[in-house]
Amino acid sequence: MTRENPISRRTTLKLTGAAAATALVAGCSDDGNGNGNGNGDDGVDGIAIDPGTEIMFDAQTAGWEGLEPASIESEQNPTLVLEEGGEYTIGWTEGDGAFHNIEIRDDGDDVVDDLQTDETDDDEPDDQILEFEASAEMAQYVCDPHETTMVGDIQIE
């Protein structure tokens, strides 16, 4: 009996494995942080947050770790999709003991409408909360002392 398909099952499995490995090396896999590459900078859709929602983080020098709402829980530096004109609260209530603050910045890296807190090294601060109305100029939420690791994108729709 002759084979009608010249490609064996073993060859098919090898090709499939090679394609998967290539996709992984090329960065086509999600790293589990909700935004594809960990820095919120790759154009992947973010997490939609309803107006009136409190957005809370654990301030870790390695990145903002989501606490609330549930849709960002355990996500690192998630991209937040906010509704223009919507009222929001953002901040951090837990930290690693290093100096942190939170700021909302525009594309030019300037703080928007004085939306920033003072730096503190409290593990459980009570003054690291910002209330604001989402506007098109908002681009990122940042910890000034750790602006290379503790930075997440804000998209306004």
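Two strands count as a pair if DSSP finds at least two bridges between them. With that in hand, we can walk through this predicted model, starting with the way its strands are put together.

**Overall make-up**

The chain has one helix and 10 strands. Reading from the N terminus, the helix comes before the strands, in the order α-β-β-β-β-β-β-β-β-β-β. Of the 157 residues, 37% count as buried. The accessible surface is about 9000 Å², and carbon and sulfur atoms account for 45% of that area. Contacts across the sequence deserve a look too: among those between residues at least 6 apart, 63% join residues at least 24 apart.

**How the strands pair**

Strands of a sheet pair through backbone hydrogen bonds, and they do so in either a parallel or an antiparallel way. Both kinds appear here, as this table of four pairings shows.

| Strands | Sense | Bridges |
|---|---|---|
| β2 and β3 | antiparallel | five bridges |
| β2 and β5 | parallel | six bridges |
| β5 and β8 | antiparallel | five bridges |
| β4 and β10 | parallel | three bridges |

Strand β2 covers residues 54–60, and its parallel partner β5 covers residues 87–95. If you would like a spot to look at in the viewer, try Ala59, whose bridge partner in β5 is Gly95. β2 also pairs with β3 in the antiparallel sense, and the two are joined by a hairpin through two residues. Across that pairing, Asp58 stands opposite Glu65 in β3.

β5 in turn pairs with strand β8, residues 129–133. Here Thr89 faces Glu131 of β8.

There is also an open sheet of six strands with mixed pairing, in the order β1-β4-β10-β9-β6-β7. Its edges are β1 (47–48) and β7 (111–116), each of which pairs on one side only. Within this order, β4 (residues 80–82) and β10 (residues 151–156) run parallel, with Val81 opposite Gln155 in β10.

**The nonpolar core**

The largest nonpolar core has 24 residues, and those touching the most other members are Ile55, Phe57, Trp64, Leu80, Leu82, Ile90 and Phe132. β2, β4, β5, β7 and β8 each provide at least two residues of this core.

Phe132 is a handy residue to select. Setting aside neighbours within four places in sequence, Phe132 is in contact with Leu82, Gly86, Glu87, Tyr88, Ile90, Ile104, Leu115 and Met138. Two of these partners, Leu82 and Ile90, also appear in the list of residues that touch the most other core members.

**A cluster of rings**

The structure holds four aromatic pairs. In one of them, Phe57 and Trp64 lie 5.6 Å apart from centre to centre with 50 degrees between their planes, and the pair is tilted. Both Phe57 and Trp64 are buried.

Trp64 has another partner in Tyr141: the ring centres are 6.4 Å apart and the planes meet at 50 degrees, so this pair is tilted as well. The link spans distant parts of the chain, since Trp64 sits in strand β3 (residues 63–68) and Tyr141 in strand β9 (residues 140–142), 77 residues apart. Ring pairs thus bring Phe57, Trp64 and Tyr141 together in a cluster.

How accessible are Trp64 and Tyr141? Buried means under 20% relative accessible area. Trp64 has a relative accessible area of 0%, so Trp64 is buried. Tyr141 likewise counts as buried because its relative accessibility is 0%.

**Backbone details**

Most residues other than glycine have a negative phi, and most peptide bonds are trans. A few places in this model depart from that pattern, and they are easy to find.

The peptide bond between Glu68 and Pro69 is cis, with omega about -5 degrees. Pro69 lies in the loop between β3 and β4. That loop between β3 and β4 also holds Ser74, a residue other than glycine whose phi is positive, near 70 degrees.

Asp113 is another non-glycine residue with a positive phi, about 45 degrees. Asp113 is located in strand β7, one of the edge strands of the open sheet. Is Asp113 buried or exposed? Its relative accessibility is 60%, so Asp113 counts as exposed.

Terms used: Residues numbered from 1 in each chain as written. Predicted model: local features only at pLDDT ≥ 70, side-chain atom pairs only at ≥ 80, totals over all residues. Heavy atoms only, no water. Core = buried A, V, L, I, M, F, W, Y, C linked by side-chain atoms within 4.5 Å. Buried < 20%, exposed > 50% of the residue type's maximum accessible area, 1.4 Å probe, protein only. Contact = heavy atoms within 4.5 Å. Phe/Tyr/Trp six-rings, centres within 6.5 Å; stacked < 30°, edge-to-face > 60°. Areas by Shrake-Rupley, 256 points an atom, 1.4 Å probe, with all protein chains shown as cover.
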